[in-house]
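Q: I would like a close look at one part of this model, namely how its opening helix sits against the others. Please take it slowly and connect the pieces as you go.

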Amino acid sequence: MHRNEFGDLAAFIAVAEERSFTRAAARIGTSQSALSYTVRRLEERLNIRLLTRTTRNIGLTEAGAKLLATLKPAFDDIRHSLASLDELRDKP
């Protein structure tokens, strides 16, 4: 897996949780168009649609829901592991 693929997966999680490209883009500090391109690139690479898009709503497809259910706990574990390293920073 390439380094930028982790970023693409994190972008997908943000959009899936926010159900909005605009809110997800603000959350992760990027533009809506860049985020939309990133998710579209991920869908093309996986060759499956992850999100349903309308002019007002973003929803998860069955594949998107399955991927989110797998990725979210894994990314949460990584975040918690990194946060736990802060405790060691002050120890010799």
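At roughly what angle do the axes of α1 and helix α4 (residues 62-89) cross, and within what distance do they come?

A: In this predicted model, the axes of α1 and helix α4, the latter covering residues 62-89, cross at roughly 110° and come within 10 Å. Since angles of 65 to 115 degrees count as roughly perpendicular, α1 and α4 are therefore roughly perpendicular to each other. Their crossing is left-handed. On the side of α1 the contact is made by F6, L9, A10, F12, I13, A16 and E17, and on the side of α4 by G64, L67, L68, L71, K72 and F75. Sorted by class, this contact of α1 with α4 has 10 nonpolar, one polar and two charged residues.

To place this pair in its setting, the protein chain holds four helices and two strands, and from the N terminus on its elements run α-α-α-β-β-α. The C-alpha trace of the chain spans about 55 × 25 × 20 Å along its principal axes. Of its 92 residues, 32% count as buried. Among the contacts in the chain with a separation of 6 or more, residues 24 or more positions apart account for 44%.

The packing of α1 against helix α3 (residues 32-46) can be described in the same terms: the two helices pack at an angle of about 110°, and their axes are 9 Å apart. That angle makes α1 roughly perpendicular to α3, and α1 passes α3 in a left-handed crossing. From α1 the residues E5, D8, L9, A11, F12 and V15 take part in the contact, and from α3 they are met by L35, T38, V39, R41, L42 and R45. By class, the contact of α1 with α3 has seven nonpolar, one polar and four charged residues.

Two residues of this contact with α3 can be followed in detail. E5, which has its place in helix α1 (residues 3-18), has a relative accessible area of 14% and is therefore buried, given that buried means under 20% relative accessible area. The side chain of E5 makes a polar contact with the side chain of R45, at 3.4 Å, and both E5 and R45 are listed among the residues through which α1 and α3 meet.

T38, for its part, lies in helix α3. With a relative accessible area of 14%, T38 is buried. Setting aside residues up to four places away in sequence, T38 touches D8 and A11, and D8 and A11 are both among the α1 residues in the contact with α3. A polar atom of the T38 side chain also lies 2.9 Å from the backbone oxygen of A34.

The third partner of α1 is helix α2 (residues 21-28), which packs with α1 at an angle of about 130°, the axes being 8 Å apart. At that angle α1 and α2 are therefore oblique to each other, and their crossing is right-handed. Here A11, A14, V15, E17 and E18 in α1 meet F21, R23, A24, R27 and I28 in α2. The residues of this contact divide into six nonpolar, no polar and four charged.

Some α1 residues recur from one contact to another. L9 and F12 are named in the contact with α3, and L9 and F12 appear again in the contact with α4. A11 and V15 belong to the contact with α3, and A11 and V15 are also found where α1 meets α2. E17 takes part in the contact with α4 and is likewise listed among the residues that meet α2.

A final residue, R53, leads from the helices to a strand, since R53 lies in strand β1 (residues 51-53). With a relative accessible area of 28%, R53 is partly exposed. Leaving aside neighbours within four places in sequence, R53 is in contact with F21, V39, R40, E43 and I58; of these, F21 is also one of the α2 residues that meet α1, while V39 is one of the α3 residues in the contact with α1. The side chains of R53 and E43 are joined by a polar contact of 2.9 Å, and a polar atom of the R53 side chain lies 3.4 Å from the backbone oxygen of L51. By contrast, the C-alpha atoms of R53 and D76, which are 23 residues apart along the chain, are separated by 26 Å.

Conventions
Residues numbered from 1 in each chain as written. Predicted model: local features only at pLDDT ≥ 70, side-chain atom pairs only at ≥ 80, totals over all residues. Heavy atoms only, no water. Buried < 20%, exposed > 50% of the residue type's maximum accessible area, 1.4 Å probe, protein only. Polar contact = N/O pair within 3.5 Å; in protein donor to acceptor, adjacent residues only side chain to side chain. Axes fitted to C-alpha atoms, helices over the stretch in contact; angles between N-to-C directions. Parallel < 35°, antiparallel > 145°, perpendicular 65-115°, else oblique. Left-handed = near helix turned anticlockwise from the far one by under 90°. Contact = heavy atoms within 4.5 Å. Nonpolar A, V, L, I, M, F, W, Y, C, P; charged D, E, K, R; others polar.
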